[in-house]
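Work through the following exercises with the coordinates open, and try each task before reading the solution beneath it.

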Amino acid sequence: MSNISVIIPLYNKEKAISNTIQSVLNQTYTDFELIIIDDGSTDKSSTIAKEYVKVDQRIKYYRKDNGGVSSARNLGVQLSQSQWITFLDADDELLPNNLEVLTNLISKFKVQIATANFYTFDGKQKTPRINDSHNEKVIDNFIKAMIKKEAYFGPGATIFNKSILGEKPYNENLSRYEDAEFELNLFNRYPIAISTTPVIIYHREFAELSKTRHDFKEKDFIFNMNFKNKSFWQKIKMGEYIREGITTYKETKLLKEKYGINFYYGYIYQNLVRYYNLLNKVRNKIR
């Protein structure tokens with residue numbers, strides 16, 4: 001049995017999937033299984049993935065009817081045979097140190113979740129999330145740290161103990177910001193180890209091809225948030241999605257009607273971010 005399951009939900013990524021799979025096979029840490037969940041692809045993605053299955057027994061391929069990325073990830077969790085799980089999008093690229101960095105964090109800090117720095121690539125330039133010297137630590141209130149720009153998170157740059165995920169960690173009724181509900185609930189319950197070492201490249205040149213569909217509001221987390229029994233910092237983070245909803249959908253009135261007084265967490269979030277950005281600028285100048 002492998003120690004880590006890398007789960008890739010795959011849907012029509014024929015231009016990227018070969019590079020993504022190869023990046024997993026190039027890991028310096030080799031005790032893993034790669035689970036590819038083909039969510040009903042109609043291009044050549046299936047053919048490409050199946051070819052890799054023939055050359056490496058650590059790769060497992062499953063095909064299902066199209067149900068969205070959340071259902072594909074959930075199926076991957078259910079099929080996983082490992083103690084640890086990481087979710088990798090089919091158009092992103094693990095750096096060779098990815099699993100080694102994340103497993104070292106788990107071993108060093110004895111945590112259930114670990115995450116690391118990342119690059120974004122727009123087709124021309126590769127940019128790190130933060131420019132920082134090598135640093136590792138544990139953060140108890142991860143949501144607060146993200147709002148203060150002291151922490152960062154991304155799929156493929158994060159590893160989870162399977163025992164804390166449950167059988168269906170992702171809400172299958174959501175097709176946009178489907179990660180958000182999952183993150184809000186999990187990050188509020190566990191301390192998280194973090195490293196400033198980059199471990200993945202997010203290929204935005206592929207992501208930008210996907211446009212937001214304004215007729216899918218009912219499947220967007222922005223319009224399906226529940227503020228009940230949430231902590232202050234969870235509500236502030238949800239305020240970020242309210243601001244995103246205003247920007248993306250131009251639905252200020254609808255969001256006000258839906259969330260009532262909680263709508264104003266969007267403004268609290270906005271002002272807190274301005275405050276922390278200013279504070280960080282002052283600190284950098286003093287240094």
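**Exercise 1.** In this predicted model, find which residues ring pairs link into a cluster with Phe 87, and then look for a charged side chain over one of these rings.

*Solution.* Start from Phe 87 and follow the ring pairs, which link Phe 87, Phe 160, Tyr 170 and Phe 182 into a cluster. Next, inspect the face of Tyr 170, where Arg 73 lies at 4.9 Å from the ring centre. A further charge of this kind is found at Tyr 267, since the charged end of Arg 243 sits over that ring, 4.8 Å from its centre.

**Exercise 2.** Determine which way the side chains of strand E4 (residues 84-87) point, and identify the strands with which E4 pairs.

*Solution.* Begin with the general expectation that side chains in a regular strand alternate between the two faces of the sheet. In E4, Trp 84 and Thr 86 point one way while Ile 85 and Phe 87 point the other, and all of them are buried. Turning to the partners, strand E1 (residues 4-10) pairs with E4 in the parallel sense over 4 bridges, and within that pairing Ile 7 has Phe 87 as its bridge partner. Strand E9 (residues 158-161) runs antiparallel to E4 and is joined to it by 2 bridges, with Ile 85 standing opposite Phe 160.

**Exercise 3.** Which residues have the most contacts inside the largest nonpolar core, and what does Phe 187 touch?

*Solution.* The general background is that nonpolar side chains tend to be buried together in soluble globular proteins. Here the largest nonpolar core has 84 residues, and those with the most contacts inside it are Ile 21, Phe 87, Phe 142, Phe 160, Leu 165, Leu 186 and Phe 187. Helix H8 (residues 232-249) gives this core its largest share, 7 residues. Leaving aside residues up to four places away in sequence, Phe 187 touches Ile 113, Phe 142, Ile 143, Met 146, Phe 153, Phe 160 and Ile 192. Phe 187 belongs to helix H6 (residues 178-187), a helix that is mostly covered, with 8 of its 10 residues buried. Among these buried residues are also the charged-type names Glu 178, Asp 179 and Glu 183.

**Exercise 4.** What is the geometry of the aromatic pair formed by Phe 118 and Tyr 152, and how many residues apart are the two in the chain?

*Solution.* The structure holds 19 aromatic pairs. In the one formed by Phe 118 and Tyr 152, the centres are 6.3 Å apart and the planes make an angle of 80°, an edge-to-face arrangement. The pair links distant parts of the chain, with Phe 118 in strand E6 (residues 113-121) and Tyr 152 in the loop between helix H5 (142-147) and E9, 34 residues apart. Both Phe 118 and Tyr 152 are buried. For Phe 232 and Trp 233, the ring centres lie 5.2 Å apart with the planes at 80°, and the pair is therefore edge-to-face. Their burial is then assigned separately: Phe 232 has 43% relative accessibility and so counts as partly exposed, whereas Trp 233, at 16%, counts as buried.

**Exercise 5.** Compare the span of helix H4 (residues 98-109) with the expected value, and examine what follows the helix.

*Solution.* H4 has 12 residues and reaches 17 Å from its first C-alpha to its last, close to the 16 Å expected at 1.5 Å a residue. Its buried residues include Leu 99, Val 101, Leu 102, Leu 105 and Ile 106. Just after H4 comes Lys 110, which takes a positive phi of about 55°.

Definitions and conventions. Residues numbered from 1 in each chain as written. Predicted model: local features only at pLDDT ≥ 70, side-chain atom pairs only at ≥ 80, totals over all residues. Heavy atoms only, no water. Buried < 20%, exposed > 50% of the residue type's maximum accessible area, 1.4 Å probe, protein only. Pairing = 2+ DSSP bridges. Expected span 1.5 Å × (residues − 1). Core = buried A, V, L, I, M, F, W, Y, C linked by side-chain atoms within 4.5 Å. Contact = heavy atoms within 4.5 Å. Phe/Tyr/Trp six-rings, centres within 6.5 Å; stacked < 30°, edge-to-face > 60°. Lys NZ or Arg CZ within 6 Å of the ring centre and 35° of its normal.
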